[in-house]
Structures are given as structure tokens and as C-alpha cells.
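Q: Got a minute to go through this complex with me? I'd like to start with one side-chain pair and work outwards.

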Amino acid sequence: MDEKFLHKELPYNLSNFIVTKNGVVSIDASNMHYRDLNFLIKSYANPSKRIDLYNVNGQRYIGTGLKNNVEIHIYGTPGNDLAAFMDGPTIYVHGNAQDGVGNTMNSGKVIVYGRVGDVAGYAMRGGKIFIRDDAGYRVGIHMKEYGNQRPILVVGGTAQDFLGEYMAGGILVVLGLTLNNGEKHKAKFIGTGMHGGVIYIRGQITHIGKEVKIMELDKNDMNLLKSIIEEFCSYFNFNIDEILEGEFKKLIPYSTRPYGKVYI
Amino acid sequence: MRTTNFLNNSHNDYKVVEACALFGMMNLSGRRFGARDPVRAISSMHERSNGLGGGFAIYGLYPEHENDYAFHIMYLNMEAKEKTDKFIMQNFDVLEAEEIPVNPEANVWKPPLLWRYFLQPKKEAIKNQSHDDYVLNNVMRINTEIGGAFVFSSGKNMGIFKGVGFPEDIAEFFCLEEYEGYMWICHGRFPTNTPGWWGGAQPFSILDWTVAHNGELSSYGTNRRYLEMHGYYCTMQTDSEVMVYALDLLVRKHKLPIEVVAKIFAPPLWFEIDAMTPKERNFYVALRQCYSSLLMNGPFTIIAARTGMMIGLADRLKLRPLTAGIKDDMLYLSSEESAIRLVAPNLDKVWSPRGGEPVIGRLKTLKPQEILTT
Amino acid sequence: MKSYIEPEFIVERDNEKCIRCKVCINQCTYDTHYYDPEDDVVRSRDENCVNCHRCVVFCPTKAITIKKNPTQYTENWYWTRENIVDIKKQAESGGVILTGMGCDKPYYTYWDKILLNASQVTNPSIDPLREPMELRTYLGAKPDKLEIEMENGDVVLKTKLAPQLCVETPILFAALSYGAVNFNVHLALARAATEFGTFMNSGEGGLDPRLYKYGDHIIVQVASGRFGVGLEYLNVGAAIEIKIGQGAKPGIGGHLPGEKVTQEIARTRMIPVGTDALSPAPHHDIYSIEDLRQLIFALKEATDYTKPVAVKIAAVHNSAAIASGMVRAGADIIVLDGFRGATGAAPKVIRDNVGIPIELALASVDQRLRDEGIRNKVSIIISGGIRNSADVVKAIALGADAVYIGTAALVAIGCTLCQKCYTGKCPWGIATTDPWISKRINPDIATRRLVNLLRAWSFEIKEMMGGMGINAIESLRGNREHLRGVGLTDTELKILGIKMAGE
């Protein structure tokens with residue numbers, strides 16, 4: 001690893017905060033600039049199977065541009081754009097994440113033991129994101145798919161306005177597990193501009209975009225949902241039967257050309 | 001007005017564009033605390049600023065002068081100071097006046113002269129105005145008529161410290177480690193022009209109102225002209241100025257509760273209003289009709305404060321980030337959760353408010369009506 | 001309902017010259033011509049004609065003339081034919097009127113009011129035929145100064161330079177999205193750029209993998225729809241351009257009508273076949289200047305800081321302040337697209353009314369960055385209706401580092417600016433993705449035509465530079481002393497930063 005490409009002088013000797021044991025590299029990210037942290041992650045991603053990051057606080061772009069199958073565990077609060085443009089690794093966040101999780105992500109997995117901020121899964125093109133608690137605004141905007149590349153984003157709690165805006169492909173699931181009895185999802189304009197893909201919502205919906213229609217689930221939907229929720233529960237120790245008992249609705253676009261008549 | 005206008009906006013843009021980091025921290029029991037946590041938190045959001053502005057508002061700052069108006073004034077030269085001193089002495093009783101203590105070693109850019117005064121309005125001069133209106137008008141006069149002088153803080157038992165430099169350097173410059181307060185509002189700035197003018201930094205303040213703002217108001221032209229109609233002159237061409245004046249007008253002069261003001265800035269959409277009960281609907285229609293010029297359009301998150309109260313509010317489409325956190329009797333507001341976690345790793349509750357729904361922290365010791373007095 | 005709209009063009013056929021070869025019927029993609037076997041004559045449906053001249057050019061006996069319909073509404077300078085017809089169209093459909101290419105209105109064109117200098121007597125002009133004339137330009141962020149150390153008598157450079165793009169001529173091919181144009185056009189642009197030593201821009205529709213081998217000469221674009229944006233795409237290009245807006249439609253997103261989304265396009269863009277590919281108006285992760293900084297550095301992280309990141313905006317009222325913010329956000333190149341910029345599809349009312357001329361935007365951005373002392377931190381590329389090499393020279397003298405040509409490149413390979421790109425039926429095979437019509441563009445021939453255009457313009461630029469007594473383009477950059485204005489007001493002269501002819 002070529003130290004002269006580090007962004008700036010680190011306050012202490014490199015070897016003091018990187019420990020390797022049994023193929024697991026542990027990095028203490030205290031006071032580290034994101035550029036140095038990501039440089040270290042990229043340098044160790046190839047030979048290692050697993051990288052643990054401690055004391056993460058606000059560092060951005062963790063996982064950006066990473067291609068291989070490394071497993072990364074984050075302890076702390078990662079900064080914006082976690083796993084942006086990521087293509088392969090699996091990231092576990094033991095805490096909350098911020099805005100821009102999985103921005104234009106191509107493949108790989110992100111598992112968040114907590115909540116995420118706004119704009120998660122923007123332009124996502126593949127891979128999976130599992131969020132245990134709530135998500136913010138504009139989740140899953142313009143998700144896309146083609147052939148085998150089909151992204152999946154699951155929110156365990158509730159999400160806010162503009163969920164699935166402009167979706168062109170992919171699967172978005174919102175389970176509402178953090179809602180109280182009888183409480184509705186507050187999100188407005190769900191699926192506005194949707195022209196591909198599918199959204200499954202468990203619980204009562206307040207407002208949807210005009211390009212979306214609500215349908216009941218058929219057998220194929222149930223099978224698909226079951227396998228997705230099985231994977232979700234495996235991470236978070238939820239009871240799958242309790243979840244599947246809830247009332248699910250499926251949202252799909254009326255047409256692939258919702259604006260066909262608007263422009264002449 | 002000409003001087004400060006030019007200084008803050010030398011390219012004569014119709015408005016100064018900037019982006020920011022925000023952090024607010026309040027002890028709801030009124031217990032005063034020091035600079036360490038707020039400064040650490042705002043400095044950690046380094047990526048959101050670029051060193052061309054930083055600032056702090058501290059409430060509960062001058063308990064020994066609890067009822068006096070504390071003016072913080074910056075001067076470009078001694079001549080401006082002499083003129084201002086004369087003006088102040090004509091219109092106020094000066095209980096104390098001194099240079100604000102600074103640390104000249106700090107890495108900040110060309111500081112102006114910085115003075116603070118503890119004042120009471122002169123009884124003979126007040127006539128029919130309230131004390132607050134009297135002070136407001138005099139502050140406007142100093143800022144628009146005396147070139148090279150700018151009152152950047154004019155409330156009771158609170159003060160603003162701001163300038164051109166990273167927030168941590170501004171904190172070092174003003175020796176903030178010497179002060180305590182029960183509420184700290186912090187700001188780091190990323191402007192698109194090169195300000196040299198300390199007055200242009202945030203937070204912006206009038207009387208005991210403070211606003212730290214992140215975003216850009218596309219409705220600025222409309223908001224400004226409405227406020228000018230009501231006697232508030234926008235000399236800085238920044239969004240936070242318009243926010244502060246709007247808050248003063250609506251809360252202090254029009255006596256509207258802060259929850260209603262939030263609905264003026266970020267009202268529900270018409271289709272939501274149409275679906276309300278008739279009583280609610282009438283109220284919101286009236287609100288949007290009367291105060292249409294104060295709808296704040298465009299992305300914004302503000303952390304606003306006045307004595308005893310801290311408010312966090314995002315625009316109705318939530319285009320800018322805002323996270324709130326509570327630990328025991330501390331309320332935190334921040335652009336990024338990581339800044340809160342840095343100073344409070346274990347939180348009782350953390351959440352992001354919905355667009356248009358304010359987060360309000362009120363001092364438990366203050367009775368509700370005390371908060372709304374003029 | 002019955003349409004009240006009369007044909008805009010009339011097809012006149014000289015029946016004595018016409019040999020009934022039916023080439024015009026085969027070539028027309030709008031079904032304008034048809035053969036009447038009873039009368040053995042070729043006729044035309046005037047209402048379908050769009051004035052593309054495909055039949056005119058290909059008729060072997062030059063029997064066809066296209067005329068503007070001589071039947072005119074009563075003369076009315078305020079209510080033009082276009083105003084009247086647009087209203088009738090909207091009354092019939094309730095839709096937003098689309099159009100293609102750039103603004104065609106007779107608004108001010110400042111290029112034509114700026115004149116160039118030539119050296120005489122006091123300073124010799126230079127002859128480009130025999131003497132060196134350097135056009136090479138490096139695009140990217142330049143350091144404030146260089147730090148040098150002496151090591152054992154050798155000069156060693158300590159400053160690390162940011163990544164740069166090297167162009168042999170200050171002309172690049174503008175962004176034309178894959179979907180707005182077809183693969184053959186993209187291929188021709190890529191080959192021409194590679195051959196001449198310049199760059200093409202992939203546009204917002206992603207890049208067909210068959211073009212990855214030309215990656216060193218391609219600037220890949222990341223627009224709000226993020227079509228085709230994966231790690232490989234980002235790393236294969238020579239630079240990355242974040243598209244915030246474009247001159248033809250500032251403030252609104254990209255628009256590819258569903259007719260043009262074929263299997264190939266759907267695969268690259270990862271959206272369903274036949275769907276309208278609408279890029280949202282904003283990047284949904286850029287709502288403020290610090291968000292732009294966040295995306296710029298996300299892209300730099302994703303490509304290990306090896307490529308320059310450009311940011312493209314449309315020229316609007318406060319372009320100068322925005323440009324200043326972009327520099328501080330970390331952009332290496334600023335791209336300004338003026339209101340004459342072209343497009344495959346845009347609402348006509350936006351194309352013709354939103355944005356400002358590029359000459360004024362360029363002058364104010366260049367001046368503003370200099371006032372703030374940060375001009376060297378970026379290179380400026382402008383686009384939006386660069387019609388000839390004189391426009392290029394004037395642009396560089398006003399302060400640009402290079403220009404993008406879009407319309408000019410398409411005209412070179414056949415476009416006649418009929419403004420019907422959004423129908424997907426371009427008979428010249430350019431603005432269409434129909435596999436059959438796309439064959440009309442032969443990539444080899446198109447490449448030749450583009451290289452010829454670059455060569456011709458580059459030589460003309462050298463002639464003009466030589467005439468000014470300059471033999472290296474960096475001496476022309478921002479050198480407003482070589483420009484004079486005619487017929488401009490004081491304010492216009494002040495904003496352009498040039499003197500009046502005669503001064």
C-alpha cells in the first residue's frame with residue numbers, strides 16, 4: 001500500500017490503528033478524513049474477506065467504487081452516500097445511516113440495523129438494501145432494471161413522501177413495522193411518475209401518485225414477497241409469520257407511458 | 001445600506017447564494033453548558049462548509065445583564081465607531097461598553113473592530129413604541145444609515161459571534177470556551193462568492209431572534225418586498241435575513257404561535273386543505289390568502305431561536321436534511337445525524353421531522369405566555 | 001375533431017423531369033409521397049411534409065422543390081403564423097408542443113456583432129501554412145502555482161497536477177444521448193474524435209458497450225436519470241460530466257419519447273421498452289450547492305480521483321454566481337450551454353423563452369471567476385449554436401477554453417434542421433433509433449465527414465489566429481483586446497467586456 005497517496009498526514013502511525021487477525025481487518029476510523037478511510041478500505045478490500053470499521057462518524061462514500069465480495073461492518077454513523085456506485089460488497093451498518101444510501105448502486109448488499117435518511121436507493125440498478133427501521137423522503141427514486149439486474153429495497157418501518165418516484169424497474173417493499181396500531185403510512189405521492197417496477201406496502205396508505213394503481217397480490221406476488229421477507233427476517237430476527245399476516249397492497253403503474261398524451 | 005450591501009454582495013447578484021451546515025443544542029431545563037460540544041459538532045460537518053463563514057448564537061450568555069439589550073457591533077473603521085457611539089448615546093442609556101475579547105492568533109480572515117454594549121432605551125426618546133420596536137428601528141437605522149457599522153446581535157441575555165473562517169476557528173477567535181449558555185445555535189457556511197465581510201456570515205439575528213439557514217429561497221423576491229412594506233429593510237440579500245424578519249413580524253408583532261408560523265412558511269398543499277374538516281379548511285385558506293407572500297418556496301432547513309425556544313423546520317417537500325435527537329433534557333438539531341452522535345453517542349430518541357412540521361424545544365422553566373411577550 | 005391546420009410546406013414536382021423512379025417514396029419516412037398507378041404519376045400529401053429535403057437531395061433528376069405554403073394568414077407581425085398554428089394544435093390535443101434542435105427565433109445573436117482583429121505593421125501576422133500554430137489545449141483544474149525543488153542539480157516538480165483532458169483542437173463533440181441519436185451516429189462521433197484527437201460526449205443515455213474501446217476519447221455523462229451509469233461506464237470514459245441542465249431546456253429534465261426506446265436503448269438505460277425516458281428535472285440528490293459537492297466527490301471516489309469531473313449548466317440569469325459555487329464545490333471543468341443549444345425533444349415554449357445567450361453568460365462567468373481569483377481552478381467549455389470557426393475564435397477570445405459542437409456536427413452528417421427529431425422518424429437516419437432507418441448513416445462516411453469538418457475549422461482557426469499575430473491558442477484565451485463590438489449598447493459592451501469598433 002502506497003502511503004504517499006494518502007490524502008494528508010495521519011496523526012499517528014498507520015500500524016497503530018489497523019489490526020489484522022484471521023483475515024479480518026479492523027480499522028479505527030476516529031478523526032479520519034473520508035478520503036483516507038476509503039483509500040484504506042480499497043487497499044485492504046482485495047486480500048481480506050472482512051473489514052470492520054470502528055468509530056465511524058460522518059465519513060462519506062464508504063463502499064463507493066468497490067467491486068469485490070468483501071464484507072464490511074460499520075460501527076458508528078456512516079456519512080452520506082454510503083455504498084454509492086457500489087458493485088459487489090456487502091455492508092452491515094450497526095447503527096443509523098444518513099442520506100443517499102445505495103445511490104446508483106449496481107450490485108451488492110447493504111443491511112442497516114437502524115434507520116436511513118433521505119434519497120436511499122436513488123437510481124439503484126441492482127443489489128439489495130435492507131433497512132430495519134424507518135426511511136426518509138424520496139426512497140427508491142428512478143430505480144431501474146433490465147434482465148437479471150433487478151434491485152430490491154426493503155424498509156422495515158415506514159417511509160415518507162415521493163416513495164418510488166419515477167420508478168422504472170425493481171422492487172420496493174415497505175413493511176410498516178414501526179407504526180402503531182391503526183396508524184397509517186404518512187407518505188404522500190407514492191409512486192408518482194412510476195412507469196415500471198413494483199411497490200409492495202404493508203399497512204394503510206394515505207396518498208398515491210396519479211400514475212399508480214393499487215392491486216391485490218396474486219400467488220406470484222406472495223411467493224416473491226415471501227422470499228424477500230425471509231431474507232429480511234434473517235438479518236433482523238423478526239417473526240416472518242407475523243409480518244405476512246399483515247395487509248399487503250401492490251402498487252404498479254397504469255402504463256409504461258404515463259405522459260404519452262402530455263407532449264405532442 | 002449601500003456600504004453593507006456592497007460588502008456582502010460586491011458582484012451585485014440579486015441574492016447571495018450559499019449552502020451550509022447547521023447545528024443546534026438546547027438544555028430544556030435551562031442549565032448552561034460550554035462550547036466544547038457545539039463546536040465539535042459543527043466542525044465535524046466540514047464537508048458542508050468551505051471556511052468562508054462560521055458563527056454561533058448563544059442564549060443565556062449574559063445572566064448578569066439579563067434585562068439589558070446586548071448589542072454586538074462590527075466596525076470597518078474608527079470613524080464608523082465614533083458615529084455609532086454618538087448615535088447610541090443619543091438614543092440609549094449605555095450601562096457598559098467594551099471591545100469583545102478576541103484571540104488574534106486564530107486563523108480567521110481580516111477581522112473588523114468588534115465591540116459590545118449593554119443598553120436600555122432612553123425613556124425620553126421612546127414615546128409610544130414598545131422597547132423592542134424602539135430597539136429594532138434604531139438597529140435598522142445604524143445598519144442602513146451609518147456606513148461601515150453593522151449591529152449583528154441585539155437581544156437580551158444572548159449574543160452572536162460570527163465571521164469569515166471555519167466555525168472552529170471562529171470559536172477560537174472569539175474565545176467561546178469562556179462562555180456558557182443553555183442554547184447554542186451553530187452554522188458553517190459555503191457561499192458561492194468570496195465574502196470578506198464578516199456581517200454576511202450566519203446566524204443572522206434581530207432582537208433576540210436568530211436564524212441559521214440551509215438552502216435557497218426561490219421566493220426571496222416576493223418575501224423581501226412584503227417585508228419591506230412592513231418596515232424591515234433587507235440589507236444583506238441573504239435568505240436568513242428574510243427568515244428572521246418574517247419571524248419577528250409574525251410572532252412578536254402579529255402574536256401568532258410558532259406552530260402557526262411554521263404553517264405560513266411551509267403550508268399544506270391545496271389538495272390536503274381541500275380534504276380537511278370545514279373549520280380547519282377555513283383556517284388554512286385564510287392563512288394562505290393573507291400570508292401568501294411569506295410562503296417560503298425552495299429548499300430550506302432552518303434552526304431558529306429566541307429566548308427560551310429553539311425551532312427546527314424544513315420546507316414542505318423536505319428538500320434539505322434535518323435530524324433531531326433527545327438525550328435526557330438535551331435537544332439536538334442537526335444537518336447530519338453523525339454530528340449529534342459525536343457529542344451524544346447514545347440518544348434516547350432520534351428522528352427526522354416531516355417537511356413543514358416544526359420541532360420545538362421550550363425551556364421548562366419559562367411559562368408559555370412568557371415566551372410570547374414583546 | 002377536424003383539424004383546422006393548413007400544411008406548412010407544399011411539394012412541387014416537375015412532372016416532365018420526374019422519371020417515376022419512386023426513390024422519393026422510399027426515402028420519405030413521413031409518408032408524404034405516394035404513387036398513383038392509374039395515372040402513373042407520383043403525388044404528395046403536403047400536410048405530411050416536414051421540409052427535410054431528403055427527397056430533394058436524392059431525386060436523380062432534381063424534379064422536386066419544397067416551398068413554404070404561399071397561402072398566408074393576413075399579415076400580422078404580432079400574431080405570427082406560428083403563434084396561430086400552435087394555439088390550434090393545443091386546442092386539438094391539450095398537449096405540450098414539442099420541438100427539436102435549437103431556438104430558431106430572430107433574437108440577438110452576439111457573435112454577429114463582434115468582430116475580430118488582425119495584426120498589421122506593428123506586429124506581424126503569422127502564416128499557418130508554413131509556420132507552427134498551436135491549438136492543443138488541456139482541460140481541467142490548474143494549480144495556483146508550481147512548487148519546484150532542486151535535487152542533485154535537477155529540477156523536480158513537487159506539485160501534483162489534477163487529471164486533464166488533452167485536445168488537439170479546441171472543438172469537442174457535444175452530448176447527444178443514445179436514444180436521441182442511434183448507435184451509428186455515436187460510433188461515427190467516437191471514431192472521429194479518436195482520429196482527430198478530441199472528445200465526444202456520451203450524453204445522458206448511457207454508452208453502448210461496443211464503444212468502450214473508444215473510451216479514452218469519450219466524456220461520459222451522469223444526468224438526473226442516471227441512465228447507463230455503472231462503475232464500468234464511469235471508469236471507461238476519460239472524464240465524467242454531471243449534467244445539471246442544458247441550454248435548450250433549462251430547468252427541466254431530459255425527454256426521450258417512447259417511440260425511440262427500442263430494445264437496445266431499453267437495455268442500456270435499464271427501462272421498459274417503449275416507455276418515455278424522462279430524466280427528472282433535478283438530480284434528486286442535488287438540492288443545494290453542498291449536494292453538488294457531494295456528488296462530485298462521490299464520482300471522484302468511485303474513479304479513484306483519476307478523471308476530471310465536469311459540471312454542465314444551462315446559461316441562465318445568475319450563471320456567474322452558480323459557476324463560482326461550482327468551482328468551490330470541486331468541479332474541474334465548467335460547461336455552459338447557451339439558449340441556442342439544440343435538443344432531440346423539448347417543449348417549444350421553453351426552448352424559445354428560457355435561458356440567455358451564451359456570449360453574455362460566458363463573458364460574465366469568465367469575468368466573475370477572475371474577480372474572485374479562481375479562474376485557473378477550472379476550464380470553461382461552452383456550447384449552444386457554434387456555427388463556424390469564427391464563433392469558436394470569438395468564444396475563446398471571450399474566455400472559453402474550448403467549445404462543444406452539436407448542431408454543427410449533425411449538419412455535417414446530413415441534418416437539415418427540420419426540427420422533427422422527437423418523432424423518431426429522421427429520414428437522414430440521425431435522430432432515429434428505428435433499425436431500418438438508422439442504416440442510412442454509414443459510420444465510415446459519417447466519420448469522414450466529421451473529421452473533415454474538424455480539419456476545416458481547425459485550419460480556419462489557425463488562419464484567424466495567424467492573422468492576429470498569435471501562434472499558440474493560450475494567448476488568445478480571454479484576450480478580449482482582439483474583439484470589437486458593433487451595434488451594441490453600452491451595457492452589452494460592458495457585460496461582454498469588449499470595446500466598440502473604432503476605440
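Q: What do the side chains of Lys42(A) and Glu301(C) do?
A: They meet in a salt bridge, 3.8 Å from N to O. Bear in mind that this is a predicted model.

Q: How many salt bridges are there between chain C and chain A?
A: The count is 2.

Q: And polar contacts across that interface, how many residue pairs?
A: The rule finds 16 residue pairs in polar contact between chain C and chain A, both residues at pLDDT 80 or more.

Q: Which elements of chain C give two or more residues to the side that touches chain A?
A: Those are α3 (81–93), α5 (231–236), α6 (263–269) and α7 (289–302). The most comes from α7(C), with 8 residues.

Q: What's the mix by class on that side of chain C?
A: You get 24 nonpolar, 15 polar and 11 charged residues.

Q: OK, how much area is buried between chain C and chain A?
A: About 3,800 Å², with carbon and sulfur atoms giving 58% of that. The contact takes 50 residues from chain C and 41 from chain A.

Q: Switching to chain C by itself: how many helices and strands?
A: Chain C has 15 helices and 23 strands.

Q: What radius of gyration does chain C have, and what would a compact globule have?
A: Chain C has 24 Å, which agrees with the value near 23 Å for a compact globule of 503 residues. Its C-alpha atoms fill a box of roughly 95 × 55 × 45 Å along the principal axes.

Q: What percentage of chain C is buried?
A: Buried residues make up 57% of the 503.

Key:
Residues numbered from 1 in each chain as written. Chains lettered and ligands numbered in written order. Predicted model: local features only at pLDDT ≥ 70, side-chain atom pairs only at ≥ 80, totals over all residues. Heavy atoms only, no water. Contact = heavy atoms within 4.5 Å. Buried area = accessible area lost by both parts, 1.4 Å probe. Salt bridge = Lys/Arg side-chain N within 4 Å of Asp/Glu carboxyl O. Polar contact = N/O pair within 3.5 Å; in protein donor to acceptor, adjacent residues only side chain to side chain. Helix = DSSP H or I, 4+ residues; strand = E, 2+ residues; numbered from the N terminus. Nonpolar A, V, L, I, M, F, W, Y, C, P; charged D, E, K, R; others polar. Rg over C-alpha atoms; globule rule 2.2 N^0.38 Å. Buried < 20%, exposed > 50% of the residue type's maximum accessible area, 1.4 Å probe, protein only.
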